[in-house]
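Trainee: Could you take one part of this protein and walk me through it slowly? I'd like to see how a single charged side chain fits into its surroundings, and then how that spot relates to the rest.

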Amino acid sequence: MLTPEQYLQVVAERVVRSGGRLNTVQIGPVTAAVGLFTESIMLSTMNYCVVAGAYPEVDAATLQQFTGMATQHARANVQGTIGWTAGSVVICGLVGRVHPDAAQLASAKTRNQFAGETRMVAVDPYAGATYAFTGGKLWGAAMHGAINAKLTFCFPQPAEAFQQVQWQQQQAAYQQPPQSGPGGFPGQIPQGPMPQTSPPPAAGPAGPQPPHYPPPGQPPYGR
C-alpha cells in the first residue's frame, strides 16, 4: 500500500522533473515540500507554487488553514508585482486520511482572484483518491488549462503514484551491483583508483638502453 511519505516523494520527484525549484519549508505543524516555478507569458511572469505535506487526519478546517499559510509563503516569493507584471498560482495539497468535508472543499469550484488562483488538493492514499477542482472557467480558459495540467502532474492519483514508486524501486534494485567479495562479479568495474601496472612514458628519467649490435658482416660503430 502507498504511504503518505511515498506519495510526497513522488510529488517532489515530479516537481524537479518538470523544472521546479524544490525546497523544504515548515508551514504550521507540517514540514512541506515546496516547488516554485516561474513561466513567462507575454509580458507577465506567472509564478507557480506547489505545496505538499502529510497530515494524519485531513478535514476541511485543516486544509483551509494549511492552504492559507501556504498562500502567504507563495506570495512572499513572487517575482514581480502581482496584477501588473506577475500572477501567482498556488496549488496546495495535504496527504492523509481525507474526511468528507475536506474532499468536498477541495473539489469545489474555485473563486476568481485578482491576478492569481489557489487550488486545494486532498489526497487519500488509503482510499486511493485525489480530490481537487480541475474544471474550466470562462475567464482565463487557457491559463486554467495550464493550471490543471500542473496540478494533475504534480498530484497524480494514488494508483499512478504507486506504480511510479514500484518502478523506481525496481530500477534501484537493477542498478545496484550484487556484493560478491572484493573482486566483484566478472566484468564489474572496480571502485576507487585503477591499479597502475607500469609507469607512464614520461614518469622519471629513462633507464639504461639495450646494447646495439651491428648487422652481420659489418664492423662495429667507431671502427
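Mentor: Let's start with Glu160, which is partly exposed, its relative accessible area being 37%. Keep in mind as we go that this is a predicted model. The side chain of Glu160 meets that of Arg14 in a salt bridge, at 3.0 Å from N to O. Glu160 sits in helix 5 (residues 158–175) and Arg14 in helix 1, so this pair ties together parts that are 146 residues apart in sequence. What about the partner, is Arg14 buried or exposed? Arg14 is buried, with a relative accessible area of 6%. So the bridge joins a partly exposed Glu160 to a buried Arg14.

Now step back to the two helices that carry this pair. Helix 1 and helix 5 pack with their axes 10 Å apart, at an angle of about 80°. That angle makes helix 1 roughly perpendicular to helix 5. Which residues make the contact? From helix 1 come Gln6, Tyr7, Val10, Glu13, Arg14 and Arg17, and from helix 5 come Pro158, Glu160, Ala161, Gln164, Val165, Gln168 and Gln169. You'll spot both Glu160 and Arg14 in that list. Sorted by class, the contact of helix 1 with helix 5 has five nonpolar, four polar and four charged residues.

Two other names from the helix 1 side deserve a look, Glu13 and Arg17. Their side chains also meet in a salt bridge, with 2.9 Å from N to O. Glu13 and Arg17 are four residues apart in helix 1 (residues 4–17), so about one helical turn separates them. Glu13 counts as partly exposed because its relative accessibility is 26%.

How many salt bridges does the structure hold? There are three. We've met two pairs, Glu160 with Arg14 and Glu13 with Arg17. Another pair is Arg119 and Glu117, whose closest N and O atoms are 3.0 Å apart. Here both ends are out of sight: Arg119 counts as buried at 1% relative accessibility, and Glu117 counts as buried at 0%.

While we're on charged side chains, try Lys150, which lies in helix 4 (residues 141–154). Lys150 is buried too, with a relative accessible area of 12%. If you skip its neighbours within four places in sequence, Lys150 is in contact with Phe37, Glu39, Tyr48 and Ile91.

There's another helix pair to set beside the one we began with. The axes of helix 2 (residues 60–76) and helix 3 (residues 100–107) come within 7 Å and cross at roughly 45°. Helix 2 and helix 3 are therefore oblique to each other. In this contact, Ala60, Leu63 and Gln64 of helix 2 meet Asp101, Ala102, Leu105 and Ala106 of helix 3. By class, that gives five nonpolar, one polar and one charged residues.

For a look at a strand, find Ala33 in strand 2 (residues 30–41). Ala33 counts as buried, at 18% relative accessibility. Leaving out residues up to four places away in sequence, Ala33 touches Leu22, Asn23, Val50, Val51 and Ala52. Take Leu22 from that list: Ala33 and Leu22 are eleven residues apart along the chain, and 6.9 Å separates their C-alpha atoms.

What about the cysteines? The count of disulfides comes to zero. For Cys92, the closest cysteine sulfur is the one in Cys49, and it is 8.3 Å away, too far for a bond. Cys92 counts as buried at 0% relative accessibility, and Cys154 counts as buried at 1%.

Finally, here's the whole chain around our starting point. The chain has five helices and six strands. Going from the N terminus, the elements run α-β-β-β-α-β-α-β-β-α-α. Of the 223 residues, 37% count as buried. And how do contacts spread along the sequence? Among contacts between residues at least 6 apart in sequence, 68% join residues at least 24 apart. The Glu160 and Arg14 pair, with its 146 residues of separation, shows you such a link between parts of the chain, so it's a handy one to keep in mind.

Technical notes:
Residues are numbered from 1 along each chain as its sequence is written. This is a predicted model: local features need pLDDT of at least 70, side-chain atom pairs count only at pLDDT 80 or more; totals for chains, interfaces and linings use all residues. Side-chain values use heavy atoms; hydrogens and water are left out. Axes are lines fitted to C-alpha atoms, for helices over the stretch in contact, and angles run from 0 to 180 degrees between N-to-C directions. Angles under 35 degrees count as roughly parallel, over 145 as roughly antiparallel, 65 to 115 as roughly perpendicular and the rest as oblique. Contact means heavy atoms within 4.5 Å. Ala, Val, Leu, Ile, Met, Phe, Trp, Tyr, Cys and Pro count as nonpolar, Asp, Glu, Lys and Arg as charged, and the others, Gly among them, as polar. A salt bridge is a side-chain nitrogen of Lys or Arg within 4 Å of a carboxyl oxygen of Asp or Glu. Buried means under 20% relative accessible area, exposed over 50%, partly exposed in between (1.4 Å probe, protein chains only). A disulfide is a pair of cysteine sulfur atoms within 2.5 Å.
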